[in-house]
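Colleague: Please take a close look at a single part of this model, the pairing of its strands, and then set that part in the context of the whole.

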Amino acid sequence: MPATHTGASTVVPTAAAISAAGLRKSYGDKLVLDGIDLRIAEGTIFALLGPNGAGKTTTVEILSTLIAADAGEARVAGCDLAREPDGVRAAIGVTGQFAAVDNLLTAEENMFLMADLHHLGRAEGRRRTAALLRRFDLADAARRSVATFSGGMRRKLDLAMTLVGDPRIIFLDEPTTGLDPRSRRTMWDIIRELVAEDGVTIFLTTQYLEEADQLADRIAVLDRGTLIAEGTAEELKRRIPGGHIQLSFAEPHRFQLAAELFETAVRDAESRTLRIPSDGSVSTLRAVLDILDGAALEADTLTVHTPDLDDVFLTLTSPAHPTTSRSAS
Amino acid sequence: MSTASHAVADSMTMLRRNLRHALRYPSMTFAVVGMPVMMLLLFNYVFGDALGTGIADAPTGSGDYIDYVAPGIILMAATSGSLVTAVGVCVDMTEGIVSRFRTMAISRGSILTGHVVGSAIQTMVSIALVVGVALAIGFRPNANPAEWIAVIGLLALVTLALSWLAAAMGLVSKSVETASNAPMPLQFLPFIGSAIVPPESMPTGVRWFADYQPFTPVIETLRGLLLGTGIGNSGLIALAWCAGLTAIGYLWSRVAYDRIVKR
């Protein structure tokens, strides 16, 4: 288990930064969200994972007061979404899928605009602008028009603008979509830092399984408007029996012999490979190698496959898939 | 803190933002000033002689065509300014920045107020430029200071009304292209009024329209104030139109804005 402290039953439960029950939304005939329940503890990173069109952005739009849900209720930062939207707005910051920056202004002017709208006062606005631009490595570009910025710089400025108001809860809708690998790493570092240093709560959506795995304390998988799984990355991985050691043999004869040694293995005679169920531990691997040694057999290739979120995702989101033979675990 | 003072502060912030856009990218303002200036030159130098002869008996003070046409063209400066509002509002709505504004605890109307007041200021500047050009090419008004102030006041009211209407058009336009075409009818309306030639010279149906459309009383009032021609009840009718159009534009904008929020 990672170092995150999961609330034991004896401890007073941490206050929920975001809680929602039965959120529904449809556009015309198309049902986009079909009853979403959420509970996100303060100071944690929550990832909403799902393919395109699953309803991730709609969820963010509802929770950030941009659109109204058709049914259900939610509280964000202790304020009811429908009754106290301004209370919610005062506590949140939103960085959407498409950078919400003013292209006709400079980076610094964009920041001042935010400071003015938060009624910070001139000196404080300048102080925060300078600090944030420095923190996000944008100080050198402060006086440049945003129209000349790269995608990565734009996203960083967008997030910096969100932070001017010192939000307690930050929504990040696909914060790294379209970024190159280096910018993505930078964005990840920034997100981790926000939680570690400022103690904010982060609600992020992503279609990248690795991103959720890297960042999130808890992950919920959204598919066609319904939450189909929720838990830590570890918990989700445990839900599917994806781990195995794969042995493949060039010679049919050796493949036959090996197949007799490993009775539990799944055989594929055509490619002459064996998939031996495994928990990914070194001892299991050693046991497999010992058996092969004992029989004086050598595999041509050996790969260890540990279940990753891709497995979770594919298993959970495609119920019609033939390989969903779930063993009781 | 009071919400009213926040509303004013937020609107001022938005106004500063829009004026900064205008100063940094003045091409829009030039385009908006350019149109009426071109009209003025075209109607004075190209059509002026023919049209001037045709309307010789219209009361224009001096009898020069420039004196007849200038007030109408000055009004056109106000109508072409509405383009700035429509495009500015639409650009904001189609880009991500408005979503950011709407997730912040800022006064709801401030985005639109900033646009409307900002482009009204720009339009007044471009009106001043058009007046300057008109004076330079021979427009000779005989208005006294009080009449000039009344002219400025009326033009400000017209500009405000047109800006609110254009803001609503910008809100309901799905693309910037649509938004830049939407105020077109407003820009053409003065032609089917008393801007270029007197309505008396038009066929009956068109004349009826020209007499009763909003810009004719505005033009007649401007002409009266600037050149001393008869105003009659045009002044009151013009003010009523301004108030009515402002109310329609404002309410339409509110409804259109709320619809975007709810989707």
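Modeller: Two strands count as paired if DSSP finds at least two bridges between them, a strand being a DSSP run of E with at least two residues and a helix a run of H or I with at least four, both numbered from the N terminus. The model is predicted: local features need pLDDT of at least 70 and side-chain atom pairs pLDDT 80 or more, whereas totals for chains, interfaces and linings use all residues. Residues are numbered from 1 along each chain as its sequence is written, with chains lettered from A and ligands numbered from 1 in the order written.

The part in question is an open sheet of chain A, in which 4 strands pair antiparallel in the order β2-β1-β4-β5. Its edges are β2 (30–41) and β5 (79–80) of chain A; each has a single partner strand, so one side of each lacks a neighbour in the sheet. Between them, β1 (residues 16–27) and β4 (residues 71–76) of chain A run antiparallel and are joined by 5 bridges. In this pairing A:Ser19 stands opposite A:Arg75 of β4(A).

The sheet belongs to a chain with 11 helices and 14 strands. An automatic or database domain assignment divides chain A into domain 1 (16–238) and domain 2 (244–306). The C-alpha centres of these two domains of chain A lie 46 Å apart. Of the 329 residues of chain A, 39% are buried (20 or more other C-beta atoms within 10 Å of the residue's own, against 12 or fewer for exposed and in between for partly exposed, with C-beta atoms placed from the backbone). Counting contacts in chain A with a separation of 6 or more (a contact being two C-beta atoms, placed from the backbone, within 7 Å), 67% are between residues 24 or more positions apart.

Chain B is built otherwise, with 12 helices and 0 strands. Its C-alpha trace spans about 60 × 35 × 35 Å along the principal axes. In chain B, 48% of the 263 residues count as buried. Residues at least 24 apart make up 81% of the contacts in chain B between residues at least 6 apart in sequence.

The interior can be described through nonpolar cores (buried Ala, Val, Leu, Ile, Met, Phe, Trp, Tyr and Cys residues joined through C-beta atoms within 7 Å). The largest one has 68 residues, and those with the most contacts inside it are B:Ile73, B:Ile74, B:Leu75, B:Ala86, B:Val130, B:Val158 and B:Leu222. Helices of chain B that supply at least two residues each to this core include α4 (65–94), α6 (110–136) and α7 (145–172). The largest share, 18 residues, comes from α4(B). Beyond its neighbours within four places in sequence, B:Val130 has contacts that include B:Ile73, B:Ile74 and B:Ala77, as well as B:Val33, B:Val37 and B:Leu40. A second, separate core has 47 residues, among them A:Ile36, A:Val76, A:Ile169 and A:Ile191. The sheet is represented here, as A:Ile36 falls within β2 (30–41) of chain A and A:Val76 within β4 (residues 71–76) of chain A.

Finally, the two chains meet through 22 residues of chain A and 20 of chain B. On the chain B side, α1 (3–24) and α5 (97–102) each contribute at least two residues. The most come from α1(B), which gives 8 residues to the side that touches chain A.
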